[in-house]
Amino acid sequence: MADSATLKEYLTFAIALAKEAGALIKAASEKRMADGGAVLVKYENPADLVTETDQAVEKFIKERLAATYPDHKFIGEETMAAGAETAFTDKPTWIVDPVDGTTNFVHGFPFVAVSIGLTIGKEPVVGVVYNPLMDELYSAAKGQGAFLNVNQQLPLLRAPLQDVSQCLVATEAGSDRSPAVIDKKIQFIHDIVSQLGAQAHSLRCTGSAALNLCHIAKGVLDVYWEVGCWEWDVTAAIVIVNEAGGKVYSGASTPDPRPVNIFSRKYLAIRSGSEEQQLKVAHQLWEIIPEIDAPRKPVPGGFEP
Ligand code: IPD
Ligand code: CA
């Protein structure tokens, strides 16, 4: 594990990189608005869009990381989509989503972020998530706290965590739209908000896994559950949630209070509160979270299904 000065150096670097990447995303978004919304979609799968901006921003980040830290490893959404193989090792590994919330980016809905995480010894230790459209930068390094715009310590809201009936809950449709998956997600939503179910305060979908987690860190969401997102969506934000006193579990329907596996594609996050209260809320959720398959290729050293 790196010492705290080294982690601080990586964090400072990642913040500067996220700001530069964010400027590229913002310029691309403003250009689209000025052009009246010319569509930049490069690969059209209606549930999983990819734009030129996703690819350009990942290339920018990947090249900058390789020039600065040539020995470090890299896992990025677009690099993996292009067929790269992943092996997860103890070496410093940057896990990057150039644009989280690509569908939002395409529609001009302003929950869009670049996400830059770092693992060392397979543990997420540095995370930066920057939404350039709202100019909100979330950052954390292990043992050094989590911050909004570098100087506001997270969580901002610290009300005691209550029963799930008092919670604001986030989830997403995700990119697997097969009826078997969507029916279970709709059932979960029904069970969370209906009078016959947990009757939580309400439900939110921001369209960005990274920003849902950052809102957990901020304390403005109480619970976030999703099946189907990937390590690049969550690694940076997991550090931010942990440092803000929140918890992220590999959120299957079976209670599993072990630390989250970033490759699990199943995540349940609870905002800060006492450990007892967090586990109570997690258990209430595990009662209603459905079993959903989220298959993936094995990741040697990281995830063997
Ligand atoms: C997606 C977003 C979305 C989540 C999907 C992710 P992308 O990432 O985070 O909120 O529901 O599971 O894949 O495609 O915008 O980078
Ligand atoms: Ca993403």
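**A walk through the sheet, the annotated site and three salt bridges**

Let me begin with a pair of strands: β10, which covers residues 168-170, is joined by two bridges to β12, which covers residues 223-227, and the two strands run parallel. Within this pairing, valine 169 stands opposite valine 223 of β12. I should say at once that what we are looking at is a predicted model. As general background, the strands of a sheet pair through backbone hydrogen bonds, and they can do so in a parallel or an antiparallel way.

If we step back from that pair, which sheet do β10 and β12 belong to? They are part of an open sheet of five strands, in the order β11-β10-β12-β14-β13, and the pairing in this sheet is mixed. The edges are formed by β11, residues 202-204, and β13, residues 247-250, each of which pairs on one side only. From one strand to the next, the twist averages 20 degrees.

Two helices lie across strands of this sheet, and I will take them in turn. Helix α7, residues 231-243, lies across β13 and β14, the latter being residues 266-270, and the helix runs at about 140 degrees to β13. Helix α8, residues 275-286, lies across β12, β13 and β14, and its direction is at about 135 degrees to β14.

Let me now turn to the annotated site. In the UniProt record, which is an unreviewed entry, the annotation "binding site" covers Glu77, Asp97, Asp100 and Asp233. Where do these residues lie relative to one another, given that they span 157 residues in sequence? No two of their C-alpha atoms are more than 9.5 Å apart, so they gather at one spot.

Two of these residues deserve a closer description. Glutamate 77 sits in helix α3, residues 77-81, and with a relative accessible area of 18% this glutamate is buried, because the cut-off for that label is under 20%. Beyond its neighbours within four places in sequence, glutamate 77 is in contact with several residues, among them Glu58, Asp97, Trp232 and Asp233. Aspartate 97, for its part, is in strand β4, residues 93-100, and is likewise buried, at 0% relative accessibility. Leaving out residues up to four places away in sequence, aspartate 97 touches Glu77, Ala113, Val114, Ser115, Trp232 and Asp233. Its side chain also reaches the backbone nitrogen of valine 99, at 3.4 Å.

My last topic is charge pairing. In general, side chains of opposite charge can pair when their charged atoms come close. Across the whole structure, a search finds eleven salt bridges, and I will describe three.

One of the eleven joins glutamate 63 to lysine 59, with the closest N and O atoms 3.1 Å apart. These two residues are four apart in helix α2, residues 52-68, so about one helical turn separates them. Glutamate 63 is partly exposed, at 47% relative accessibility.

Another salt bridge brings together the side chains of arginine 296 and glutamate 231, at 2.8 Å from N to O. This pair links distant parts of the chain, with arginine 296 in the segment after α8 and glutamate 231 in helix α7, 65 residues apart. Both arginine 296 and glutamate 231 are buried.

The third that I will mention is between glutamate 291 and lysine 266, whose closest N and O atoms are 3.4 Å apart. Here too distant parts of the chain are linked, since glutamate 291 is in the segment after α8 and lysine 266 is in strand β14, 25 residues apart. Is each partner buried or partly exposed? Glutamate 291 is partly exposed at 41% relative accessibility, whereas lysine 266 is buried at 15%.

Terms used:
Residues are numbered from 1 along each chain as its sequence is written. Chains are lettered from A and ligands numbered from 1 in the order in which they are written. This is a predicted model: local features need pLDDT of at least 70, side-chain atom pairs count only at pLDDT 80 or more; totals for chains, interfaces and linings use all residues. Side-chain values use heavy atoms; hydrogens and water are left out. UniProt positions are given in the numbering used here, feature names are shortened, and annotations may be inferred rather than shown by experiment. Buried means under 20% relative accessible area, exposed over 50%, partly exposed in between (1.4 Å probe, protein chains only). Contact means heavy atoms within 4.5 Å. A polar contact is a pair of N or O atoms within 3.5 Å; within protein, one must be able to donate a hydrogen and the other to accept it, and residues adjacent in sequence count only if both atoms are side-chain atoms. Two strands pair if DSSP finds at least two bridges between them. Axes are lines fitted to C-alpha atoms, for helices over the stretch in contact, and angles run from 0 to 180 degrees between N-to-C directions. A salt bridge is a side-chain nitrogen of Lys or Arg within 4 Å of a carboxyl oxygen of Asp or Glu.
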